Every structure is written in C-alpha cells, then in structure tokens.
Amino acid sequence: MSDHTTKRSNVDAVIVGAGFAGMYQLHTLRELGLSTRVIEAGSDVGGTWYWNRYPGARCDVESMSYSYSFSPELEQEWTWEEKYPPQPEILKYAQHVADRFDLRRDITFDTRVSRAVYDEEARRWSVSTDTGETISARFLIMATGCLSRPKAPEIPGAERFEGAIYHTGTWPHEGVDFSGMRVGVIGTGSSGIQSIPVIAEQARELTVFQRTPNYSMPAHNRPLEEEEVAEMKANYREWREKQRMSGFGVPVPLPTQSALEATQEERDATYQRGWDAGSLTELITSFTDTLTDREANETAAEFIRGRIREIVDDPEVAEALSPRSYPMGTKRPCLDTNYYQTFNEAHVELVNLRETPLMEITPKGVRTSDQEREFDAIVFATGFDAMTGALLAVDIRGEGGRSLRDKWAEGPRTYLGLMIAGFPNLFTITGPSSPSVLSNMMVSIEQHVEWITDCIAHMRENDLRTIDPTVEAEDAWVSHVEMVGDATLYPQTDSWYMGANVPGKPRVFMAYIGGVGVYREKCDEVVANGYEGFAFHPSPAA
Ligand code: FAD
Ligand code: N01
C-alpha cells in the first residue's frame with residue numbers, strides 16, 4: 001500500500017486506528033482544519049473488516065443500516081448487494097470511502113502505537129510507535145476498536161503443532177484452502193458459527209471444540225432487490241433518524257407486553273416471526289422483560305432449543321448444542337447460515353469440552369482429557385480481549401505519569417465512554433461504558449465522532465486548551481452504567497461483555513445498556529449544560 005502521508009511529527013491530533021471510527025474521525029477533523037495523523041497497524045483501512053477474513057465472515061446488521069450516514073452522496077452512490085454483507089463487500093466499501101474522501105494521505109499504515117505520554121507542561125500528548133517515531137499532538141483519539149485484540153485459547157503447546165494454526169481475527173489475506181484436510185476449530189462464538197459451515201464444505205474431517213453453546217438463528221441472507229434498495233435510498237434520512245434514537249441502533253417496534261403475560265401460542269408466533277425474519281434485535285426485544293427476567297428469557301431460549309432439536313438429527317448432539325447455562329442474549333447471539341445443519345454431516349464431529357476439557361495442543365493435534373485427535377490445521381475462533389484490550393495494549397500515561405493500566409486495574413472507568421479523568425484531551429471512540437458493542441456500531445461510531453468533533457470545535461471557538469472529565473462525573477457515570485446493567489440479566493453471564501473470557505480480567509459489565517437513543521440524549525444534554533462534568537483549561541494568554 002503506497003503511503004502518501006506527510007508524516008508531520010507535530011500535529012493537532014493523532015488518531016489511532018483506521019477502521020470505520022478512525023476514518024470518519026479523520027474526515028471530520030480535516031473539515032475542521034486540524035492537522036491530523038492516523039496511525040494504523042494494518043496495511044489498509046477497514047479495521048475489523050481488514051483483519052477478519054475468515055470464511056463466512058459477514059455482518060449481522062443489514063448492510064443498508066450498517067453504513068455511514070454522514071454523507072448523503074455516499075449513501076446514494078454506493079449500492080449494497082446483499083442483505084447481510086460479507087467481509088469482502090464491507091472492506092470494499094471502506095476502501096471506497098478512503099478513496100472518495102482521499103483519506104489515505106494522512107494515514108500511516110503498518111505502524112503500531114506502543115506508548116502515549118501526556119506532557120503536563122506542554123499540555124500535549126507524545127505518541128510513540130513501533131517504528132521508532134514520536135509524534136506530538138494536542139489531541140489523542142483512540143479509534144482502536146472494541147474487538148481488535150485477538151485472544152488465543154489458554155492451552156499450552158501451540159508452538160509445537162506441526163500443521164498450520166489460524167486465528168479468525170488475523171486471517172491470511174490469500175485465504176486458506178482446507179480441501180482434503182483434517183481441521184479442528186476451537187470456539188463457537190459468532191466467528192466459529194459463521195466459519196464452521198464453510199470450512200465443513202471443504203474439509204475432509206472437521207472437529208468442533210465447543211466449551212459453551214451459543215444461541216444462533218438463521219440469517220436468511222439473500223441478494224437485495226433493486227426496488228428495496230431504491231426505497232431505502234429514497235427514505236434514508238428518516239431511517240437514519242430512527243436508527244439514532246433506537247435502542248440498539250436498529251429500529252424495531254418497541255414491545256409492550258411481558259413474555260409471561262402472553263400465551264404460549266402468542267410467544268411462539270412472536271419468536272417465529274423474529275426467527276423467520278433473521279432479526280436478532282427482533283428476537284431480543286420481542287417482549288418487555290426478555291433481557292430482564294430469567295423466566296421470561298427462558299421462553300425465548302426454549303424456543304431456540306426447540307428449533308435446534310428440529311434441525312439436528314442426533315438428539316445427543318442437539319442437546320450438546322443447546323445453551324442452558326445462561327440467558328439468551330447475554331452473550332452476543334449469532335446469525336448463521338446452516339450452522340446447526342452442519343452437525344448432520346458425517347464428517348463433522350462436535351466435542352463437548354464441558355465433558356472432556358482441552359488439555360494441550362500436541363505436535364499432531366489437540367488433546368482433550370479423554371483422547372488426542374490429529375489435524376492438518378487448527379482454527380482458533382476464540383475471540384478477543386474485548387473493549388479494553390486494544391486500549392491497554394498501549395502504555396498510556398496521563399497526568400502525574402499515572403498509567404491507564406493502573407487506573408483500570410479494577411475495571412474500566414470513563415465518563416460517557418468518551419473520556420477518562422486524569423487523561424486530558426484523550427478521547428475513546430466507542431469506549432467502555434458507552435453503548436458500543438450493544439448496538440449497530442456504525443450508529444455509535446458516528447455519534448461519538450461527531451460529539452468529539454463538536455467538542456474540539458467548541459474548544460477552539462472558546463480558546464480552551466484542554467478538556468478533562470471530573471472524577472465526580474466519571475464516578476457517577478460508572479455507577480449509573482452499573483445500575484442500569486444490574487437491572488438486566490447481562491451481569492449473570494460469563495461473557496466478554498463482562499471481561500470473563502480473559503483469565504484475570506476484572507469482572508465488570510463494560511457497555512451501557514440504556515439504549516443508543518437515550519445515551520445520545522444524555523451526551524447532548526451534557527453539552528447543552530455547558531459540558532457538564534467536564535473541566536476546561538484556557539489556552540495561555542498569547
Ligand atoms: P476496528 O474496526 O476494530 O478498527 C480498529 C483499528 O485500530 C484496527 O484496524 C487496528 O489494527 C487498529 N489499532 C488498534 N490498536 C492499534 C495500535 N496500538 N496502533 C495502531 N493501530 C491500532 N458490529 C456491528 O455493529 N455489526 C456487526 O454485524 C458486526 N460484526 C462484526 C464481525 C466481526 C468478525 C467482528 C470482529 C466485529 C464485528 N462488529 C460488528 C464490531 C465491529 O468491530 C464494528 O462494527 C466496527 O467495525 C468497529 O470499527 P472501529 O473503527 O471502531 O474498530
Ligand atoms: O469470539 P467469542 P468471536 N478453550 O468470544 C471459545 C463480533 N462478531 O470471535 O463461550 C475453549 O464470542 C469460547 O468459549 P466460551 C461479535 O460481537 C460478530 O466468535 O468462553 N474454548 C467461545 O465459544 C462477537 O460476539 C460477528 O466458553 C475457548 C469462542 O471461543 C465478537 O465479535 C461475527 C477458549 C469465542 O467466542 C467476538 O466473536 C464474528 C478456551 N481456552 C464476530 N477460549 C457477526 O456475525 C475461548 N473459547 C456480526
């Protein structure tokens with residue numbers, strides 16, 4: 001990838017990451033006239049969609065909703081082909097945006113930010129990269145992604161394996177041909193569930209190692225019809241507004257009834273509608289209490305188990321695939337294409353790690369407590385050190401030299417998921433304690449980018465040098481996020497939302513479940529009240 005960056009070492013803003021968040025942030029800061037550099041570890045734009053090239057990778061928010069809304073011209077000229085776009089189509093879209101807005105000239109690729117230190121005297125950030133460069137910036141914007149730091153399974157021996165090991169989150173660009181191979185896949189989250197049916201089509205033998213079964217439903221993906229694309233394009237503004245004020249960034253009718261007040265027939269009809277529509281949001285928000293009452297939730301969970309029993313021929317395998325230990329929706333549920341059907345294939349085996357745990361990777365394959373299985377290739381579909389992983393991978397030092405790792409030792413603390421007390425002029429796009437991963441992330445990304453841009457414009461207009469949330473405002477927001485989370489079933493489950501997938505990580509519910517519309521109003525209110533909860537320092541007199 002050619003790199004036309006001016007490579008200035010003294011800029012107004014450094015943005016870390018060139019996924020959808022970093023790209024849009026660059027565009028808005030440029031429009032504001034700020035000199036800006038983006039540092040990106042990958043060789044091109046796209047973030048998630050640059051790295052996650054595993055077979056079957058696709059979005060489970062509809063393409064025409066999972067796209068930028070900031071440019072009506074872009075909306076009109078780009079035409080999505082599938083209801084749920086595959087990774088190559090989304091990457092192509094990201095590349096088109098980079099070309100259209102001439103973004104690449106300010107992006108330094110193949111470079112990782114390793115350290116960022118706040119210089120209290122200069123009131124600037126000193127940002128160091130793994131290529132030995134140091135950049136001085138007034139603003140530091142972390143667009144590092146919630147799901148960008150891959151996590152391997154915590155079992156020994158990977159370095160001894162004689163075949164190839166792949167992680168879904170760092171898939172080879174040239175693709176992998178599994179034809180004729182014996183393949184083991186570890187992990188049955190969204191990445192596993194999407195890739196397993198496609199790998200099964202190629203592999204001679206496929207073994208799936210499952211620790212916790214997931215709730216999944218068919219995507220019913222299909223090409224988009226010309227008429228529906230035209231209709232959406234004609235009504236885009238209205239739709240975007242609905243997205244912004246919705247609960248999950250995907251407009252669905254709000255439920256009015258408790259699942260426990262509905263009859264079994266009414267419930268089943270409602271769940272069947274969500275299942276047939278391939279809409280996760282519809283299923284999760286079918287009833288008022290699906291995400292807050294275990295008994296209500298169980299009715300949806302049992303509906304899905306019933307579908308698994310219908311699809312999977314072997315009742316024992318069907319039972320092993322049926323989630324029972326946690327409420328539906330409290331781990332990220334999945335949309336699939338032929339996932340459960342895959343286990344009816346003679347060459348596909350499911351290993352229940354709850355019965356026979358993983359012990360080690362051997363030179364020839366994988367050993368569980370009862371036997372060793374030999375493979376030509378192993379796929380880790382084992383997820384990410386989510387939400388905080390990419391932020392804490394950078395050695396960030398704020399006021400008084402305090403490290404972010406220390407500050408967040410008991411879990412992330414932010415004000416609105418946007419800023420961190422003691423780390424002036426540092427912004428986090430879709431940071432912990434914002435709706436982020438509990439939403440259509442394009443909606444949340446755009447909202448954060450626009451809030452940050454408006455804030456920087458406000459500072460310029462008012463000659464303000466730094467902004468920093470107060471500890472009181474941060475504490476109050478952290479308590480609020482916890483209180484709202486505690487009113488739901490989410491904290492009951494060991495999920496990556498809770499940090500439970502990474503050994504030793506503090507157990508904290510890391511996203512705000514109040515809804516993207518409610519959250520947007522809160523952020524706007526903070527601004528309307530003179531940036532309530534933030535302290536500004538004026539620029540030194542000229
Ligand atoms: P990312 O796309 O993660 O980009 C962050 C970038 O920062 C990366 O390119 C990374 O290389 C770079 N970076 C990180 N640290 C550093 C560093 N220290 N130095 C330099 N560069 C760094 N969301 C949805 O709403 N709907 C979906 O259907 C959906 N599907 C998904 C499927 C997969 C497989 C995954 C992994 C995530 C999915 N997501 C989905 C979430 C997805 O991450 C977001 O939708 C969105 O793409 C995030 O954009 P971003 O720019 O915030 O972060
Ligand atoms: O990761 P995950 P992912 N031994 O953490 C298992 C988004 N996304 O990459 O559940 C054995 O969900 C782990 O088991 P358990 C989406 O937000 C979206 O699949 O911890 N097993 C689990 O089964 C998603 O939630 C799409 O018991 C181990 C799996 O690995 C997020 O990204 C597609 C293990 C990890 O599942 C992450 O999804 C893809 C071990 N030591 C991703 N360690 C869409 O379709 C982990 N596992 C939109």
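The following exercises, each with a worked solution, concern a predicted model.

**Exercise 1. A salt-bridge network**

Determine which residues form salt bridges with Arg 105, and classify each participant as buried or partly exposed.

*Solution.*
Step 1. Begin with Asp 102, whose side chain meets that of Arg 105 in a salt bridge with an N to O distance of 2.7 Å.
Step 2. Turn next to Asp 106, which forms a salt bridge with Arg 105, the closest N and O atoms being 3.8 Å apart. This pair qualifies because the cut-off for a salt bridge is 4 Å.
Step 3. Assign the exposure classes. Asp 102 has a relative accessibility of 39% and is therefore partly exposed. Arg 105, at 37%, is also partly exposed. Asp 106, at 9%, is buried, because buried means under 20%.

**Exercise 2. A further pair, and the extent of the network**

Identify the salt-bridge partner of Glu 228, and state which residues are joined with Arg 105 into one network.

*Solution.*
Step 1. The side chain of Glu 228 meets that of Arg 222 in a salt bridge, at 2.7 Å from N to O.
Step 2. Glu 228 is partly exposed, with a relative accessible area of 27%, and Arg 222 is partly exposed at 32%.
Step 3. Shared salt-bridge partners link Arg 30, Asp 102, Arg 105 and Asp 106 into one network.
Step 4. For context, the structure holds 32 salt bridges.

**Exercise 3. The buried face of helix α7**

Explain why the buried residues of α7 line one face of the helix, and name the elements against which they pack.

*Solution.*
Step 1. List the buried residues. Helix α7 spans residues 236–244, and Tyr 236, Arg 240, Gln 243 and Arg 244 are buried in it.
Step 2. View the helix down its axis. The buried residues of α7 fall within an arc of 95 degrees, so they line one face.
Step 3. Recall the underlying geometry. An α-helix has 3.6 residues a turn, so residues three or four places apart point the same way.
Step 4. Locate the packing partners. The buried residues of α7 pack against α3 (72–77), α6 (226–234), α15 (441–461) and α17 (516–528).

**Exercise 4. The interface between the two domains**

Describe the interface between domain 1 and domain 2 in terms of contacts, buried area and polar interactions.

*Solution.*
Step 1. Set the bounds. The domain assignment gives domain 1 as 8–149 + 386–532 and domain 2 as 151–215 + 329–383. Their C-alpha centres lie 31 Å apart.
Step 2. Count the contacts. Domain 1 contributes 22 residues, which are in contact with 20 residues of domain 2.
Step 3. Consider the area. The two domains bury about 1900 Å² between them, with 55% of it on carbon and sulfur atoms. Tyr 54, Pro 55 and Asp 60 supply 31% of the area that domain 1 buries against domain 2, more than any other three residues.
Step 4. Consider the polar interactions. Between the domains there are 7 residue pairs in polar contact and 1 salt bridge. Asp 60 forms a salt bridge with Arg 332, their closest N and O atoms being 2.7 Å apart.

**Exercise 5. Positive phi angles**

Compare the settings of Ser 433 and Asp 463, each of which has a positive phi although it is not a glycine.

*Solution.*
Step 1. State the expectation. Most residues other than glycine have a negative phi.
Step 2. Examine Ser 433. Its phi is about 80 degrees, and Ser 433 lies in the loop between β18 (426–428) and α15. With 5% relative accessibility, Ser 433 is buried.
Step 3. Examine Asp 463. Its phi is about 55 degrees, and Asp 463 is found in the loop between α15 and β19 (464–469). With 52% relative accessibility, Asp 463 is exposed.
Step 4. Conclude that Ser 433 is buried, whereas Asp 463 is exposed.

Definitions and conventions. Residues numbered from 1 in each chain as written. Chains lettered and ligands numbered in written order. Predicted model: local features only at pLDDT ≥ 70, side-chain atom pairs only at ≥ 80, totals over all residues. Heavy atoms only, no water. Buried < 20%, exposed > 50% of the residue type's maximum accessible area, 1.4 Å probe, protein only. Helix = DSSP H or I, 4+ residues; strand = E, 2+ residues; numbered from the N terminus. Arc of directions from axis to C-beta. Contact = heavy atoms within 4.5 Å. Domains from an automatic or database assignment. Buried area = accessible area lost by both parts, 1.4 Å probe. Polar contact = N/O pair within 3.5 Å; in protein donor to acceptor, adjacent residues only side chain to side chain.
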